[in-house]
Amino acid sequence: MVVDFGAQYAQLIARRVRECHVYSEIVPWDLPVEELLARNPAAVILSGGPKSVYSPGAPEMDPVLFHAGVPVLGICYGHQVMAHALAGTVARTGTAEYGATRLTVIASGVLFAHLPPAQQVWMSHGDSVTAAPPGFVVTASTPSTPVAAFEDLGRRLFGVQFHPEVVHTDRGMDVLRHFLFAGAGCRPNWTMVNIADEAVAAVRARVGDARAICGLSGGVDSAVAAAVVHRAVGDQLTCVFVDHGLLRAGEAEQVEQDFVASTGVELVHVKAADRFAAALAGVTDPERKRKIIGREFIRVFEDAARALEARAEAEGSQIEFLVQGTLYPDVIESGSPTAAKIKSHHNVGGLPEDLRFTLVEPLRTLFKDEVRQLGEELGLPEEIVWRQPFPGPGLAVRIIGEVTPERLEALRTADEIVREEVRRAGLDREIWQVFAVLLADVRSVGVQGDERTYGHPVVLRAVTSEDAMTADWARLPYDLLERISGRVVNEVAQVNRVVYDITSKPPGTIEWE
């Protein structure tokens, strides 16, 4: 269990634990310790956080945890929380550490066994532990932090001031593995084969003999979710592809051909572009767009489901379940107890109260890279598994302003050019997402063919990421940017300017809306 104290990296810690083939979940810091222990965790990791342990209302941990016999690793703020709770000393020394720092190992202990005596770590703190709690051995220090790591082997309690989960800490994964396997006795048995088997078994147990339907969106999440359910219940699943007219070029055809060919699942294709266009007419607010699209998707889906329900009843069965490709980042970003709501995800927060299906979300605990691995394990084709992430509301949230057929066509053409050129450059696997955004409510002056133009700018967005929780802008080659810009302004009539977004996440999100 990863206890989140409001850290920037809590989700990353959970991912790193999973990379060690140990399952992890995130819980808020104010979850009562009785409930935490009732889940019988093999180990607990306390995350970092932005507060000082001495600040009024600062997050804290009930000391009962540290006497329960459960192995605990405190990271950054979690390290300080542990020290503070067990009569150590935490102080603001006046010397903060941020970024790369040289760590000196004093005693190898468990965490630093067989690791170099000096190594680079990543720090981000103003307070420091100046005295370890009674019974602890100080195992590492830096020039500014006398207690950069400590451990109490008898109670299996460990703490590090640095962040082992980030790539800038040279031997961070080794430190985590040492805690998980030597310190906590975990076993590396959470593999993709087991994940697939467990997901299929869980769906089979839940759905039983009932029928299920799945709304395919054209993206990898819903495709993998459907593949899991189809593996579990076979012909009891019918997929409904609601074509809302907001997909990228060629994607509707790809859903019909590639997905059906690889799975054999029954697919109902509903063409509803006109209905979505009418519902979005005159709407410019991003949240309203998402809510409208989520609402219309469900309504169209229900219309299609009625015919399927009638058929099921004639066959003596009943459709009871709705399959969705909800992922862990969707759940977190839509407003978990420890995360502010960043934007609505129509497959998490936008479902109507009168929805009569029971949800089945086989991917709800997985990050995106894990979903791709699961798709490969299930035998889905590369074109589906490695399709770049795409928002459920589609191109509607990549048009800043009202969504119209003309603007959709312009954006779809620009986006196809962008993806085609990146693919030709051999960079599509290195980039998490690359796409175009149409600033439809903005016009810029240009000159084309010796004439003044007053067209729309297109924003090129390309980011690198591991799980979409954080992202950095991709350093695309200048010649690639030049080719993209030249083609877009020449081939998209409404566009006369291309700009490149160099904002990371945070502070920006990956999408513009």
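In which segment is P506 found? P506 lies in the segment after strand 19 (495-500). The legends below describe this residue and other parts of a predicted model.

**Figure 1. Two cis peptide bonds follow strand 19.** The view shows the segment after strand 19 (495-500), where P506 is found. The peptide bond from K505 to P506 is cis, and its omega is near -10°. P507 is placed in the segment after strand 19 as well. A cis peptide bond also joins P506 to P507, with omega at about 15°. Most peptide bonds are trans.

**Figure 2. N40 has a positive phi.** This close-up is centred on the loop between helix 2 (33-38) and strand 3 (44-46), where N40 is found. The phi of N40 is near 55°, a positive value in a residue other than glycine. Most residues other than glycine have a negative phi.

**Figure 3. A salt bridge links E19 and R15 within helix 1.** The side chains of E19 and R15 meet in a salt bridge, with a distance of 3.2 Å from N to O. Both residues belong to helix 1 (residues 10-19) and lie four residues apart, which is about one turn of the helix. The structure as a whole holds 31 salt bridges.

**Figure 4. Five strands form an open parallel sheet.** The order of the strands across the sheet is 12-11-10-13-14, and their pairing is parallel. Strand 12 (266-271) and strand 14 (358-360) stand at the edges; each has a single partner strand, so one side of each is left without a neighbour in the sheet. From one strand to the next, the twist averages 30°. Strands of a sheet pair through backbone hydrogen bonds, either parallel or antiparallel.

**Figure 5. Strand 10 pairs with strand 13, and helix 5 lies across strand 13 and strand 14.** Strand 10 (residues 211-216) and strand 13 (residues 319-323) run parallel and are joined by four bridges. Among the residues of this pair, A212 has F321 in strand 13 as its bridge partner. Helix 5 (residues 192-207) lies across strand 13 and strand 14, and runs at about 165° to strand 14.

**Figure 6. Eighteen residues line the second largest pocket.** The volume of the second largest pocket is about 530 Å³. Of its 18 lining residues, E383, W386, R387, R419 and R423 lie nearest the centre of the pocket. Helix 7 (251-263), helix 12 (382-385) and helix 13 (405-424) are the elements that give two or more residues to the lining. Helix 13 gives the most, with five residues. By residue class, the lining of the second largest pocket divides into four nonpolar, three polar and eleven charged residues.

Definitions and conventions
Residues are numbered from 1 along each chain as its sequence is written. This is a predicted model: local features need pLDDT of at least 70, side-chain atom pairs count only at pLDDT 80 or more; totals for chains, interfaces and linings use all residues. Side-chain values use heavy atoms; hydrogens and water are left out. On a 1 Å grid over the protein atoms alone, a cavity is a set of points where a 1.4 Å probe fits but cannot get out, and a pocket is an open set with protein on both sides within 12 Å along at least five of seven lines; lining residues have an atom within 4 Å of a point. Grid points are joined across faces, edges and corners, and a volume is the space filled by probe spheres set on the points. Ala, Val, Leu, Ile, Met, Phe, Trp, Tyr, Cys and Pro count as nonpolar, Asp, Glu, Lys and Arg as charged, and the others, Gly among them, as polar. Two strands pair if DSSP finds at least two bridges between them. Axes are lines fitted to C-alpha atoms, for helices over the stretch in contact, and angles run from 0 to 180 degrees between N-to-C directions. Contact means heavy atoms within 4.5 Å. A salt bridge is a side-chain nitrogen of Lys or Arg within 4 Å of a carboxyl oxygen of Asp or Glu.
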